[in-house]
Each structure stands twice: as C-alpha cells, then as structure tokens.
Amino acid sequence: MISNLSEVPPNWIKVRFDQIAENITDRIEKPNESGLEYYIGLEHLDTDQIRIKRFGSTEDVKATKFLCKKGDIIFGKRNAYLRKVAVTDRDAVVSAHSMVIRPISDLIVPDFLPCFMQSSIFWKTAHAISEGSMSPTIKWKTLAKQEFYIPSIEEQKKVSEVLWAIEGNIEHIENIVDISQNFKRGLLNELLSKGIGHNNSTTIKNNEIPINWELCLFTDAINVNPSRKISKGKICKYVAMEDVIEFHEEICNYSERVFKNGGAKFTKEDTLLARITPCLENGKTAYVNVLDEDEIGFGSTEFIVLSGKKGVTLNKYVYYIATSPFFRKNAIASMRGTTGRQRVPNDFFDSIHIAIPPIEEQKEIIELLEKSGENILNYKSHLTSVINLKKKLTDDFLSGNLKNLQEALQNVQ
Amino acid sequence: MSKTISQQELEQYLWGAAVLLRGVIDPGEYKSIIFPLMFFKRISDVYDEEYQEALEESDGDKEYAEFAENHRFQVPLGAHWEDVRNVSIDVGKAIKTAMSEIEKANPDRLAGIFGDTNWTNKNRLTDKILIDLVEHFSTINLSLKSVPQDEFGTGYEYLIKKFADDSGHTAAEFYTNRTVVRLMSMIVDPKTGESIYDPTCGSGGMLLNAALLAKENDQEYRNISLYGQEINIITSAIARMNMFLHGFEDFHIVRGDTLSNPSFVENDRVKQFDMVLANPPYSIKKWNQKAWQHDPWGRNIYGTPPQGCADYAFFQHIISSLREDTGRCAILWPHGILFRDAEFDMRKQLIESDVVDCVIGLGKNLFYNSVMESCIVVCSKNKPEKRKGKVLFINGLEQVIEEKQMAFLSDENIQTLYELYKGYENVPRLSHVASLDEIKKKDFSLNVPIYVQKYELGEVEESLEELVQQWNKSSTEIKQHTIELFSTLKEVI
C-alpha cells in the first residue's frame, strides 16, 4: 500500500518503511535481573506525546521483553489507534506490545523519523494495517513493506528542526504550568496562614496568627454538613465520587437521579470534601459550580459538605481552607477505620482550630488566589494552542501541503 | 376450550423441555429431540382442533371430521400424540413409529421432517426421560387457537436463539445474529412476488426475516417464495418446521451440500433468484476443491479457491445464483475475504465485474462464539446508474454494541447503517464511495479501514494561520497576566 498524497512535491522520494527504519528486537529474558532500572510499558506512553514522562521499574517485570537504547523510537503496535509513539531519553526495558524502531540509512535524518511517525499520514497507514479484533496489532513484516513519500534530506532537516523546536517550547510551557501550580499551592499556604501585609502577629494556643485574625474551632467558623432539604422522589443533579478530579476546583461531570434518601446534599458554592481513603489523600475536593441559585443537589455519601458561616467565612475561602496543606494534613491524620476504608470521623471538625481573617481580608486573599489560578489556566490554554500548532505543522509538512517552509514559518518565532 | 397463552408462557414451556434434558445429553443435541417432539405435538393438536371444528360443522359426523380435506396434515390412526402418551414401555420406539407414519401419510410436505434422531437408544434416552418430556409437552395445548402461528413462530425462534446461547459453538451453524439479519434484509428489500434464496440456510431464519420484513412493510408476503439448502439434516428439518410454524407454505428447503450438489438447478446451471441472503460457514476446509475446477454448473466464474478456505466457492455460487436483471445479495462474511492474498485473483475479477455494491465493516463478536470480525458484502447484478463503477464502503465498527461476549446492533444502529447505505455519500469516518480505479490502486483490497478512517487521527481543524495567531495572542496575554499578578503580589506581600 502506498500512502497517497494529493500531489507529490518535487524532490520527494518514495520509500519502503524498512528502507528508513529497522525494528530492533534485542530480547531481555529476565528484565528484573538485567541491571536496567527503567521499564517502558504501553501505559507509560501518552497519546500524541513524543516524550516519555513516566517510567516503570524493571523490578516487577519478569517475562521476556525488548531492550531499547537512548534515542530509539517506542511505537505502541497494539491498539495503534491510541497513537502512541515516543522517543526514549534513556536505555530501558520495553513492553513486548511495542516495537523498538531505529532510523537507518542515508535516506532519512534520524530526528525526522519520530516526527513523521506522529503525522496523520503515518497513522492512517498504521490503522489500515492493524490486524485482529480484540486488540488490533501491527506486524513489523506488514509495516516494513508500506510505502511512503518523504521530503528530501534538506527539507527533512528543516522540518525536524522546526518541529523539535516547538516540542522544546511545549516542554518549557509544561514546566511553567508545573511551577505555577506549585507557586499557587505555596501562595495558598502563605496567604492562609500569614494573610496580606501583616507585620504583627500574636500567639494563641501555640498558633502564631496575624494580629486581627481569630483562632476558632472549625465548626464555629464553617458549617459542616449544613442542613439542605430535598423532598423524596425529586429529580436532582447527582455528583458521584468519580465526577470530582484530584486537585481540580470544578466538578467535571454530573448525572440526574431521583432522590430517595441518602447522600450528601449541597447547594451552589458549597465545598465537597472526599472523606474516604484514597480519595481524600488524592485531593478530591470540589467547589460546587454546577447548580443554580437555590438549587439543591446530592452526591456520594462519602462527601463531607462544607459551607461558609454568615459574617464569619466566605464560601470560596472555605474551599481554599479545605485544599490547604495544613487542613489536609490534619484531616488525613485523623482518619479511622479498617485499612482501605478509612474515613475522617465527624468529631475531627470539633477538635481542630483554624485561623480566620476578617471578611475583607478573605476577599483580598480570594482575589489573589483566583488571579494565580487564572494564570495557570492561561498557561494551559497556551500549551494547547502550541500542541495544536505542532500537530498541524506535522500534518501539513508531511502531506506535502506546505510547499514553502520558510513562508509558512515566517510568522512563527 | 383452550385459551391463548402468552408469549412468555410459551417460551418458558419450550425452555422447560430443554431443562429436562440438561445433564442427560449434550446441549448441542437438544434441538434434535425437542424440535421434532414439539412439531409432533403441534401437528396432533392442530389435527384435533380441525377435527373438533369439522365435527361442529357437520353436527357430529365423526366420519366427516376425519376426512383428509379437513386437515392440513394427516395423522394416521395410532400415530397421534395421545397414542404415544399412553405408552409406558419402549416409548422411543412408539415416538419413532408415530413420526414415521405421519411422514408417510404426508409424503409431499413432511417427508423427512422429523429428522434422523435415534429415539430408541435407551442408554441415551431412557423411557423415564421420554415420558417426562411427553408429559411436559402435554401440559399445553398447541392448537392454532391456543398458540397462533405467528406466536408459535416467535416462540420457536426464541428457542433457537436460546439453544444458540446454550450450545455456543455448535449453534453458529443454525443461528445468525438477528440484528444483522435485519439490516441485511432491509438492504435487499424484498418485494411481493420475488424469490429469496439462502444457500446455507440453517434454521431458515434469514429467509423468514426477509419475508416478514415485507409483511411489516404491508406487502403481500405469502407469495414471496423462499428457497434454502442446508447440509445438516436436523437443521434443515428445523428450517422446514420453522417455515410451517410461521405460516409459510410456498417454500423449498432441501437438505444437501450446496457446493458439491446444489439442489436448485435449471437448464444445466444453478437456478437464479431475485435475492440471496447468506451467512456461509466460514473458511471450511473440507470441501471438494477438485470438483470445483470442472464445476458442471459453471459456477467457477472467477477461479478455484484454496483448499483451506471455501469462502470464495460460496461467493461464486451466490453470484451465479443471482438473476441478471433483479439479482442482489447481502452476505455476512468474516473480514478476511476482503483482503486475503490467496484469493487475490478471484477478488480482482469479482470487483472488475462490477457486482460489488457495498462493503459494511462490522465489529467483532457478531458470530456466535467467535470473536472474529465480520462484514456484510452487498452485491448487485444490475446496479443503478449512479452506483455503477463504484463501491460504497461503510465503517460500521462503532455501530456495534458489545455486551460481554456477544455483540448486536440496536434499532438505531441498524437505521444509521441503512441510511448510510441508501445515502451513498462520503461521510467522514463513516462512509466513502470509491471508484473501481481507486480500489485498483489499493491492490484490490476491500478492507474498509483503507477507505474509511476507523479512528480519530487527532487532526487539527483550524488553519495554520489561525493557530499561529492564537499562539501569538496567548503569548502576549500570558506576559501581561504574569506581570499583573506579580505587581499585585508585590503590593501585598
């Protein structure tokens, strides 16, 4: 099969895949005794991601696997529709559901091959030659004889230079997202314990707090499981535990259910805090954003509902408290019950003290944290736009749609 | 006076018989015992009902009531269900005798219908088991009033399906997933007065389904003629019973090997029909390849298939069985026939002869007890003008619903696929109209994914210019926001 292009640009050549790549099948009989540290399974490759960010350990890997060298391409040959192809930055043991591909010959620039394998021209072929129904798999023998059109060496160099430069940019932005997320966490901790612009502090019950703040019992400052009424048989929005994502403010999904009796009941701007292992430890805490004014919803019995006390705490401030390291650490330490089913007991909230700033200062703190959150969102959306740009460039370059590389790139700096 | 029984009662009753056999004989063989007994009971009960009616009509003239004209089927003296019920020793022998008497008394229509079950092997079927079965069947009156033909037919289908579920592997030969059959029937679209043929008809479900579709469309369906051939004796008998029970009279089901001995022949060639629906046994190895090379009926139009796989023999038989003017067919195949190298030459000729109309790729698990991926190939001897020189490819992969080890099409899925077939357009990820030239360029492979994308390729919709703009804009915004954030922070901390 030849991957047809609508129009083959001049200087492009037709190659069989095995003219530009080889399949490395160096076997490792006992990975756990190989002396290698890292294992790359299909689970460590992400769709459309050219870099591998997670690795497993060879300790738990016993059956025969493949060996890959730094710079090899790991191609998920099983379920190829997941578009898993990445370059390894270290020697490792690789799952037998992958192919280890190494660029060969003077027809191809090594850096170009992984870019090529990320293009939809390549994936179209990969899908078409997948065999089997349970988990469609690609055979090297079949892949080897596929024919593709590729640009001249000069163009390949330019293309891979541009695409890897953008990839570098993507990596850079990912780092910034991580840093800004850490920054927000640090800021949260700082603001919730030291407030804004205080020079004087006072010590109450061994707690150093800003001078005009109040140290109160949790239950005096925050409503725990406030009374919300739903009549039996009413159809309401229902939030299940899986609808809340770790360290994510918004509820990502909900369903509608008839209210019978049980479950946590909540209203707009309440905070849902998972009380059970491992959801609490994982950081499942959400701020209710899916309800209208005066609407009441319900959810898993494993949520604790928190809300602000009028004149004492603002709802959003309660949410921030619930996500603060100080509070989480104490809540996790208080968990009781058999292993695996441990929960935060209700009396935990009667025993813990928290420092509460005046309402005005709460507002300022919220504003700052929101700004910092917005910043993260900006980075994330920027990341998406760069990823899309790279994808588009990859497809356009390799389908021969971009005739003049320089022209296309003059705007991209 | 008997009352009508509900569908559910009927199903429970039929399944109850199977339960009696559980653990005694192999599930694959239930059918060879239950279906004949049930049909025997039905014939006896219908006979009684007709007798009663004739008796009333004639004011009690018993002789008149026994007249052959008053009965659909003749039940000779001593061969009635009640006669068998009165026997307590050698029950198997009594059953066998009664069945054979009934077959003899109705030679034109019932010859061989009870099959070749070994009723007298007492090691297998003891008197006790047979008495239990007879008594179980006796609990319900299977007269026409009590169980109208339609309902009986449905109950019967239910049993066939249950057997398919229960016996797993062996069932594939006599049961094809009904949801797929429905789609195939809709595509060939049977019309009043036409003929439908199934060369490997199993229990006749495809033929019935197609004919009943015409009924559903308010067409006169009783004058659609049904033809089927089936190699397995008990399955072919079941098919005939199935037809009777659904109220069809104009049908021709014969037992025999379609490849080596086609039963429907006319003028030295195989008979031609308006429609063929088929789910041939996939990739059988035991067939007479040698005879095919000199097929006396001239069916080897495209060549001789490999010994290891008779699929293209069935394919050519089917194409040969289509009328030149109206002939059309829908065949359920395993995926391999679309691209296997061994059949390249035959496939090439098939495609070049421009009879292939549409290929619908379906998912796995649609065959009983096999995960194999399947496809429907639709052919037509006389394509409409706009379909000439082209083949429509439909990706039905996402239309298949999988539950545990079984898959099926919902009504909505069937409708979607049918509309794609009718629509004959390029729909992203769903369908593609390919010219014969295009297929030639793809080495005469009919593999659907080559023509229609199965999966998202993650392609980006926006133009490069838009994306560059977005990038520049968000870069600027980020700069501004970061500056703002840090200046605020400076103020407060």
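Which backbone oxygen lies 3.2 Å from a polar atom of the side chain of B:R347? The backbone oxygen of B:I337 does, and the first legend below looks at its surroundings. This is a predicted model, in which local features need pLDDT of at least 70, side-chain atom pairs count only at pLDDT 80 or more, and totals for chains, interfaces and linings use all residues. Residues are numbered from 1 along each chain as its sequence is written, chains are lettered from A and ligands numbered from 1 in the order in which they are written, and side-chain values use heavy atoms, with hydrogens and water left out.

**View 1. B:R347 is a buried arginine without a salt bridge.** Buried means under 20% relative accessible area, exposed over 50%, and partly exposed in between (1.4 Å probe, protein chains only). A salt bridge is a side-chain nitrogen of Lys or Arg within 4 Å of a carboxyl oxygen of Asp or Glu. For B:R347, the nearest side chain of opposite charge is B:E343, at 4.6 Å; Lys and Arg count as positive and Asp and Glu as negative, while His and the chain ends are not counted. B:R347 sits in helix α14 (residues 344–352) of chain B; helices are DSSP runs (H or I, at least four residues) and strands are too (E, at least two), numbered from the N terminus. Leaving aside neighbours within four places in sequence, B:R347 is in contact (heavy atoms within 4.5 Å) with several residues, including B:Y312, B:F339 and B:F444.

**View 2. B:R240 is another buried arginine with no salt bridge.** Look for B:R240 in helix α11 (residues 233–245) of chain B. The nearest side chain of opposite charge, B:E103, is 6.9 Å away. The side chain of B:R240 reaches the backbone oxygen of B:R109 at 2.8 Å, and that of B:A111 at 2.8 Å. Beyond its neighbours within four places in sequence, B:R240 also has contacts that include B:F251 and B:I253.

**View 3. Helix α9 of chain B is mostly covered.** In this helix (residues 178–188), 10 of the 11 residues are buried. Among them are B:R178, B:L183, B:M186 and B:V188. Just after α9(B) comes B:D189, with a positive phi of about 50°.

**View 4. Here are two cysteines of chain A, A:C236 and A:C252.** A:C236 is buried, with a relative accessible area of 4%, whereas A:C252 is partly exposed, at 44%.

Conventions
A polar contact is a pair of N or O atoms within 3.5 Å; within protein, one must be able to donate a hydrogen and the other to accept it, and residues adjacent in sequence count only if both atoms are side-chain atoms.
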